[in-house]
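Okay, thanks for squeezing me in. I'll put the model up and walk you through two spots in it.

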Amino acid sequence: MRRFLIRCLVSGAVFFLAFAAIDFCCSMVAERSDRQPFNVWHDIMGGTVDADVVALGNSLVTLSFNTEYLDSTLGVKTYAMGFSGSQFDRQTYMYSLYRSRNRPPKVMVNFIDQRSMSLTKRVPDKEQFFPWFFDKDFRRVVFPVEHFSLSERFIPMWRWREFGLDLFISRLDSHITKGFKYVSYSLSPFPEASSKPMRFGSDIVALTPLWEEYLSRNASEGIRTVFVVPPMYKSYYYVPGSKELLDSTFLALARKYDAMFLDYSSLPIKEDSTFFRDPYHLNGKGSEVFCDTLARDLKRLGL
Amino acid sequence: MTFNSLVFAAFLPIVFCLYWFVFGRNLKWQNAFVVAASYVFYGWWDWKFLILIAITSFCSWGSGLLIHKYRDERRKARWISAANIILNLGILGAFKYYDFFARSFADLFLGGNADGILLNLILPVGISFYTFQALSYSIDVYRGKIEPTRDIVQFFAYVSFFPQLVAGPIERATNLLPQFGRERTFDYGQAVDGLRQMLWGYFKKIVVADWCGVYVDKVFGDIPGHTGVQLAAAAMFFAFQIYGDFSGYSDIAIGTAKLFGIKLMRNFATPYFSRDIAEFWRRWHISLTTWFRDYVYIPMGGSRRSKGRVALNTMVIFLVSGFWHGANWTFLAWGAFHALLFLPLILTGNNRKYKEIVAGDRLLPNFKEFCQILLTFALVTAGWVIFRADDLPQVWTFLTTMLERNSLRDLSFLMDKAFVSRTFWICVMLLVEWIGRREEHGLCMKGVRSTVVRYAIYMAIILVTLLYYDDGSPKFIYFQF
């Protein structure tokens, strides 16, 4: 019995150390990856976001804010800081880490929509955080919000379960340019309506103080803020009253903090599904049309 | 509590330590602790289930004593034995089969309106397993094969021993009960082998079964939306899903029992390497097959009767076996399908042709053996389609869609990474089981002398199992039976 227990303990220790080493290697590989879902964090944490115009938002930014196109059209450096599935409270900690390690932008473009104003408990793709579990700043900012379990924090490789092989084999996507992902297809058959009506309403009230804090910080540091309402396909489901509430809230904030409000929800492309990957996201072709209009408006506003 | 839950990961070491260090010096206390731990394990689902298992255990224990008391008055003993069988099967029937019969009755005579006659009882997990285990005891006492035990705690431990409580192996009193009657000593080699067997069981469950199950559920959820090749692939994946799931459970159960100094019977012996259906049934779910053989088939006359009677016995045994799996026409059809495959073998006297494992000491099977294995696997897989379907019309839809939409044009899914990875892990499982086919389980590692290599293999298996582990991992398929 004694021999068995000692062997169990020794084996357990050997496995623990070996898995810790493998965990470290996985984290290193992922940390250095410039592919989804690590690419944006990689740039932020590595301090390599070198841009004058930075867009902040959820996956809408990743698929709509065509950085290559905007760079050539605007003649300035741009960056798409999309945080998949995130709401604004989470975007603020991404922004805080970005600001602490990178040069400041001249303009922040914030994508506004009902989804990023609906608070949810868990961000999808939580594997995007894994490589930085040992980074002090990252832990300080991210852990209080994301609530990783003790086993995920301290048992080597445990947090990689479900994602592990799949993450390294299937989901890495190389078509990423400064945070922008060019999607060349439309879903087929094209979904006619969003199947998930989302919660909305009181959450925007809860998020308003965060917006105020964010906007006042930008204003004090001379960073201009632009609110952008991106186009959605005509069948996209809006919670009744949500569009009006968003417009009134952000128009008021724009007035208060001298920000701009650009509404593209009625762009003609919303009628044509070939510009969309799904009712919520533009595809590559749609992103070019949208960014063409956006670039013209930004130029006209003197940016 | 399931074997693939984090709760069990905490439960097992605690129970192990208490079992050996605190209760190890006194057999009675050790058995009492086994009962307590097993009841915690089982009550984790729903404490109300404990009432049923306690009733089943108590009645079977009491009937064993009464049968023994009246052993010279066969008539009385027979009545007591019959009463115990009726009681146990009555409980099983009420919980598992009543609604099925009520619904079928309503379909036939009430225009399908079963409102008011259904009981809608929740099926307690593992009820078929422990009921059969308890029954085997009282029948064996009646037959004079074993002496009844007066020790109620020992008997309760026999019925409820947690590793095999909810999905077998369905133990016999002749094997398991005496083990609870004698002092257990810790056996280092047995415990280490138990851990290996558990590890291999987890691999089969998490990496093979659950991973294949994702694809199978998707395809069976939308049969018309898939091509014939995709349906065939789903059928094949289900064959490995159910094998990985159930034999994985058995390996974990047997391995866990070894940690407690208890030897359970083997439940699977590489069934997919069988050369005909008869061999398959000697290697698949051995504890149930032998149970039906000993307590139903042989009492009916077995194969020592006229050919017509043998055919009838065979058909009955397979139908009962199918029905044991669940109250659904699909299980009966599955049983009938296997009976039809088995009948030609038994009627021509070829059902015991292959008793030894295929290929003997050779590295690979010969061409003939290989073809036999493939053919048997194909037939078994066809049977699994019936088994997996929700109802008989779905079986028909599956088969017709598979035959009608059999275009080979859309084979791109074969290159899908998830498809490739599933196939890869199935191949790994088959390779390991082929190498260890003469041993008790795939990961016996008898040929591996180097400690470094052994540890590297353990580590690789743990790592892959960990990476495929899903917190919301589905329960074991056989829990529903």
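**A glutamine in chain B, then a sheet in chain A**

So, Gln230(B) sits in helix H9 of chain B, which runs over residues 228–259. Keep in mind that this is a predicted model. Is Gln230(B) buried or exposed? Its relative accessible area comes out at 12%, and the cut-off for buried is under 20%, so Gln230(B) counts as buried. And what is around it? Leaving out residues up to four places away in sequence, Gln230(B) touches Tyr215(B), Val219(B) and Phe413(B). There's also a polar atom of the Gln230(B) side chain 2.9 Å from the backbone nitrogen of Thr227(B).

Right, over to chain A. Here we've got an open sheet of five strands, with parallel pairing, and the order is E2-E1-E3-E6-E7. Which strands are at the edges? Those are E2(A), residues 78–82, and E7(A), residues 260–263; each has a single partner strand, so one side of each has no neighbour in the sheet. On average, neighbouring strands are turned by 20 degrees against each other, ignoring direction.

Let's zoom in on one pair. Strand E6(A), residues 224–229, pairs with E7(A) in the parallel sense over four bridges. Val228(A), for example, has Leu262(A) in E7(A) as its bridge partner.

Now the helices. H10(A), residues 242–257, packs on the sheet and touches E6(A) and E7(A), with its direction at about 155 degrees to that of E7(A). Helix H5(A), residues 88–101, packs on the sheet too, touching E1(A), E2(A) and E3(A). The direction of H5(A) makes about 145 degrees with that of E1(A).

That's my bit, happy to take questions.

How values were computed:
Residues are numbered from 1 along each chain as its sequence is written. Chains are lettered from A and ligands numbered from 1 in the order in which they are written. This is a predicted model: local features need pLDDT of at least 70, side-chain atom pairs count only at pLDDT 80 or more; totals for chains, interfaces and linings use all residues. Side-chain values use heavy atoms; hydrogens and water are left out. Two strands pair if DSSP finds at least two bridges between them. Helices (H or I, at least four residues) and strands (E, at least two) are DSSP runs, numbered from the N terminus. Axes are lines fitted to C-alpha atoms, for helices over the stretch in contact, and angles run from 0 to 180 degrees between N-to-C directions. Contact means heavy atoms within 4.5 Å. Buried means under 20% relative accessible area, exposed over 50%, partly exposed in between (1.4 Å probe, protein chains only). A polar contact is a pair of N or O atoms within 3.5 Å; within protein, one must be able to donate a hydrogen and the other to accept it, and residues adjacent in sequence count only if both atoms are side-chain atoms.
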